[in-house]
Amino acid sequence: MQTRHRLVLAGLYNCTKYPVRHSRTSHGYLVTRQLFNIRAMTTTAANQPNILKWASQDGEFRRRPSSFRNSISREPGAEYPPEKGRYHLYISWACPWAHRTAIVRALKGLENVIGLSVVDWYLGDKGWKFSSPDQTPGSTLDPVLNSSHLSDLYFRANPEYDGRFTVPVLWDKKTNTLVNNESSEIIRMLNEEFDDFVDHKFKGVTFYPKSLRKDIDELNEWVYDTVNNGVYKAGFATKQEVYEAHVTNLFKSLDRLEQLLANSSGPYLLGNVLTEADIRLYTTIIRFDPVYVQHFKCNLGTIRSNYPQIHKWVKHLYWDIPQFKATTNFEHIKKHYTKSHRQINPFGITPLGPVPDIEPK
Ligand SMILES: N[C@@H](CCC(=O)N[C@@H](CS)C(=O)NCC(=O)O)C(=O)O
């Protein structure tokens, strides 16, 4: 088996006082984890975790590494083998990271193989909660554990857990635990490990083809840092110079993507093949004009007015490939950001525009 090494944390958090531990996942990833106490980093005066505090003292938002990094694998003897009906995916329609997993689940025809629960769009001081579709259209209850909040799952998996309670979550109903909460790894598992259970037309469909892996990895790296996470770094900044640096980098990367699409030999980032790189970029671009432009102050331009190639690309994905539209819920997206981030938008008013959320082709 090819050995894959993954450095989970290095460089993400400047907290050298926390120890580093190495372990190997069932997928063969060597995982280097820096164990740090989130509670100690985001505490209120009363020493309680403050779930709504996003930026650090220096004005920077730093995304924390995901904690559960096991893998579903077809390899003989794997701790978490693929099985129909065994795993359950918890997502938010609002969250771009969770959205990636919903798209791949749909594109691989895994709806009858892996169950899905959707949290309420409102993220409050107890974290994500479950609501019935009657209370909040588009949301679901938790049919697996009947939890009220997503945090219940994290504590069920690890009573000592002291990180953030993030979506997506990939849950194993058989061993009653959280397998993985890192979207970039979950999409690879959905892409690669369940072919024995999907309809024949989905078998062998891959969004990470061997011949393009190098290009996809390269793209993912800078797109993640400056675009997917870049909008958050600009939007959550609490110092002017921090915001300006990130918003400038973000628009430089959009310019670069515009060029890439202009020179592409097909409708996708890497030519005629839809890849993971398109899926990962889509979840940020589809939120860009409706939310990030005004809410995260990413307003040096809009996709619809200033980026014709990216605009064409996103309209093609949304209007021509049903799984993209079916997993895009503008109501959850707009309400989540504008009504949950009270430090940015204290009255929770959701702007009506832009109209429409996405332009017709
Ligand atoms: N690295 C994670 C990031 C997931 C993430 O940050 N999810 C956000 C929603 S967009 C979340 O659940 N935040 C809740 C919180 O931090 O309390 C991944 O890609 O899966």
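**Exercise 1.** In this predicted model, determine how the axes of helix 5 (residues 213-228) and helix 7 (residues 240-263) cross, and which residues of the two helices meet.

*Solution.* The first step is the geometry: the two axes come within 8 Å and cross at roughly 130 degrees. The second step is to classify that angle: values over 145 degrees would count as roughly antiparallel and values of 65 to 115 as roughly perpendicular, with those outside the named ranges counted as oblique, and helix 5 and helix 7 are therefore oblique to each other. The third step is to list the contact, in which W222, V223, T226 and V227 of helix 5 meet N249, L250 and S253 of helix 7. The residues of this contact divide into four nonpolar, three polar and no charged.

**Exercise 2.** Describe how strand 8 and strand 9 pair, and find the residue with a positive phi in their hairpin.

*Solution.* Begin with the pairing: strand 8 (residues 169-172) and strand 9 (residues 177-180) run in the antiparallel sense and are joined over three bridges. Within this pair, W171 stands opposite L178 of strand 9. Turn next to the connection, where four residues lie between the strands and N176 takes a positive phi near 55 degrees.

**Exercise 3.** Characterise the shell around the ligand by its nearest residues, its helices and its residue classes.

*Solution.* Of the 16 residues around the ligand, C95, W97, R164, T166 and S183 come nearest. Helix 2 (96-107) and helix 4 (183-192) each supply at least two residues of the shell. By class, the shell divides into eight nonpolar, six polar and two charged residues.

Definitions and conventions:
Residues are numbered from 1 along each chain as its sequence is written. This is a predicted model: local features need pLDDT of at least 70, side-chain atom pairs count only at pLDDT 80 or more; totals for chains, interfaces and linings use all residues. A residue is near a molecule or strand if its C-beta atom, placed from the backbone, lies within 6 Å of it. Ala, Val, Leu, Ile, Met, Phe, Trp, Tyr, Cys and Pro count as nonpolar, Asp, Glu, Lys and Arg as charged, and the others, Gly among them, as polar. Two strands pair if DSSP finds at least two bridges between them. Axes are lines fitted to C-alpha atoms, for helices over the stretch in contact, and angles run from 0 to 180 degrees between N-to-C directions. Angles under 35 degrees count as roughly parallel, over 145 as roughly antiparallel, 65 to 115 as roughly perpendicular and the rest as oblique. Two residues are in contact if their C-beta atoms, placed from the backbone, lie within 7 Å.
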